[in-house]
Amino acid sequence: MTTTKTSSRLKKVFKENKSFLIVGHINPEGDSLGASLALALGLKKLGKKDVTVLSHSPIPETLEFLPSSKIIKSKPPRKEVDIVVLVDCNEIERTGFDGFNAKQTVIIDHHVLPLNAGKSVFYKSLAASLIDPGAAAAGLLVYKVLIALEVPIDKHIATNLYTAILTDTGGFKYSNASSESLKIASALVEAGAKPWDISKEVYESNPFKSIKLLGLSLATLERNNGIAYMVTTRNMLKKTSTSAEDCEDFVDYPRKVKGAEVAVYFREDKRNQFKVSLRTKDRVNVEKIAKSFGGGGHVAAAGCKVNGTLKDVKNKVFLAIQKAIKES
Ligand SMILES: [Mn+2]
């Protein structure tokens, strides 16, 4: 069912179909948007005229610089398309939409598949897929697809794909910054991506209010037996006129703490509901922890939603982490 190589079937699906709808996940970041836009630009170069990129959530301000970001729609087209492509996600629910009016589905993703995937009709009925949880970014997979389709990588495609790889490797810092990621990034720079211009947009252009929110949140930083954690409450969001998208990389701060095996970031979404982001530096599998709360992600970076008061949520999450630390 899954494959790490670009299959001839996948190539055929892209070559033989006419209309495409490309969808990433809710609250998109650089990988979801960069990979989706690059695929759209590549398909247009192949002569496909009917290509739509869709995002349920608005585009974060820091990613508006992505070439062709203006083409992204928030509502699906009414008419039926040949192919809907899920990029950087592998479940309809993650897109934020209920479903799509499409003849067939393709998945290009690097997240772990849900446990029931083997039995699910949805996965059995895919036209083709490229699913590789070992890939650093969905952008890397889109690069491989475009190369397999012999699409020339121009400056705009390169900028989108470089941003995808840059952001999902944490600025080429994480363990997924493999030789392959760096080689492909190098090819993208040769094709016209400008590293410092992109870094300035992604990392050096935070809205003032989001740094003020970080200040309030950092005041809650604590540690507890190998866990470092930080909290953002609805009250802090209100005080600084900010929203969830201003907290994008906040989990990086507890992770910076020396000796923190697991970093946790709690963001209050509603009364008695928290978005919990989990990061690990080494041996603990946080994807498993997130999954035990109905969430998901990667081994070193995952998230979930947990209901309860902050105290209850902390207790539940810390207990699961302590268990995972012991088992690791
Ligand atoms: Mn990704």
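**Notes on two sheets and the helices around them**

1. Let us begin with a pair of strands: β6 and β7 run antiparallel to each other and are joined by 3 bridges. Within this pair, Asn224 faces Ile227 of β7. Please keep in mind as you read that the model is a predicted one.

2. Now follow β7 to its other neighbour. Strand β7, residues 227-232, runs parallel to strand β8, residues 262-270, and 6 bridges connect them. If you would like a residue pair to look for, Met230 sits opposite Tyr265 of β8.

3. What is the sense of the pairing between β8 and β9? It is antiparallel, and 8 bridges hold the count for this pair, with strand β9 covering residues 273-280. Here Phe266 stands across from Val276 in β9. The two strands form a hairpin with 2 residues between them, and Asn272 in this hairpin has a positive phi near 60°.

4. With these pairs in mind, you can place them in their sheet. It is an open sheet of 6 strands, ordered β6-β7-β8-β9-β11-β10, and its pairing is mixed. At the edges are β6 (222-224) and β10 (296-297), each of which pairs on one side only. A helix goes with this sheet too: α13, residues 310-327, lies across β6, β7, β8, β9 and β11 (301-307). Its direction makes about 155° with β8.

5. There is another sheet to look at. In which order do the strands of the open sheet of 5 strands stand? The order is β2-β1-β3-β4-β5, and the pairing is parallel. Strands β2 (50-54) and β5 (128-131) are at the edges with a single partner strand each, so one side of each has no neighbour in the sheet. On average, neighbouring strands here are turned by 20° against each other, direction ignored.

6. For a closer view of this sheet, try β1, residues 19-23, which pairs with β2 in the parallel sense over 5 bridges. Phe20 has Val51 of β2 as its bridge partner. Helix α2 packs on the sheet, where α2 touches β1, β2 and β3 (81-87). The direction of α2 makes about 175° with that of β2. Helix α5, residues 138-148, also packs on the sheet and touches β3, β4 (102-109) and β5. For α5, the angle with the direction of β4 is about 115°.

7. Next come the helices themselves. Two packed helices are described by the angle between their axes and by the distance between those axes. For α2 and α5, the axes come within 8 Å and cross at roughly 10°. The two helices are therefore roughly parallel to each other. From α2, the contact uses Asp31, Ser32, Gly34, Ala35, Ala38, Leu39 and Gly42, while α5 brings Ala138, Gly139, Val142 and Leu146. Sorted by class, this contact of α2 with α5 has 6 nonpolar, 4 polar and 1 charged residues.

8. Helix α2 has a further partner. At what angle do α2 (residues 30-45) and α6 (residues 155-168) pack? The angle is about 155°, and the axes are 8 Å apart. That makes α2 roughly antiparallel to α6, since an angle over 145 degrees counts as such. The crossing of these two helices is left-handed.

9. To find this contact in the model, look in α2 for residues including Gly30, Leu37 and Leu41, and in α6 for residues including His156, Ile157 and Asn160. The residues of the contact between α2 and α6 comprise 8 nonpolar, 7 polar and 2 charged.

10. Finally, step back to the whole chain. How is the chain divided? There is domain 1, covering 8-203, and domain 2, covering 208-327. The C-alpha centres of domain 1 and domain 2 are 27 Å apart. Where they touch, 7 residues of domain 1 are in contact with 8 residues of domain 2. On the domain 1 side of this contact, the classes are 3 nonpolar, 3 polar and 1 charged residues.

Conventions
Residues numbered from 1 in each chain as written. Predicted model: local features only at pLDDT ≥ 70, side-chain atom pairs only at ≥ 80, totals over all residues. Axes fitted to C-alpha atoms, helices over the stretch in contact; angles between N-to-C directions. Helix = DSSP H or I, 4+ residues; strand = E, 2+ residues; numbered from the N terminus. Parallel < 35°, antiparallel > 145°, perpendicular 65-115°, else oblique. Left-handed = near helix turned anticlockwise from the far one by under 90°. Contact = placed C-beta atoms within 7 Å. Nonpolar A, V, L, I, M, F, W, Y, C, P; charged D, E, K, R; others polar. Pairing = 2+ DSSP bridges. Domains from an automatic or database assignment.
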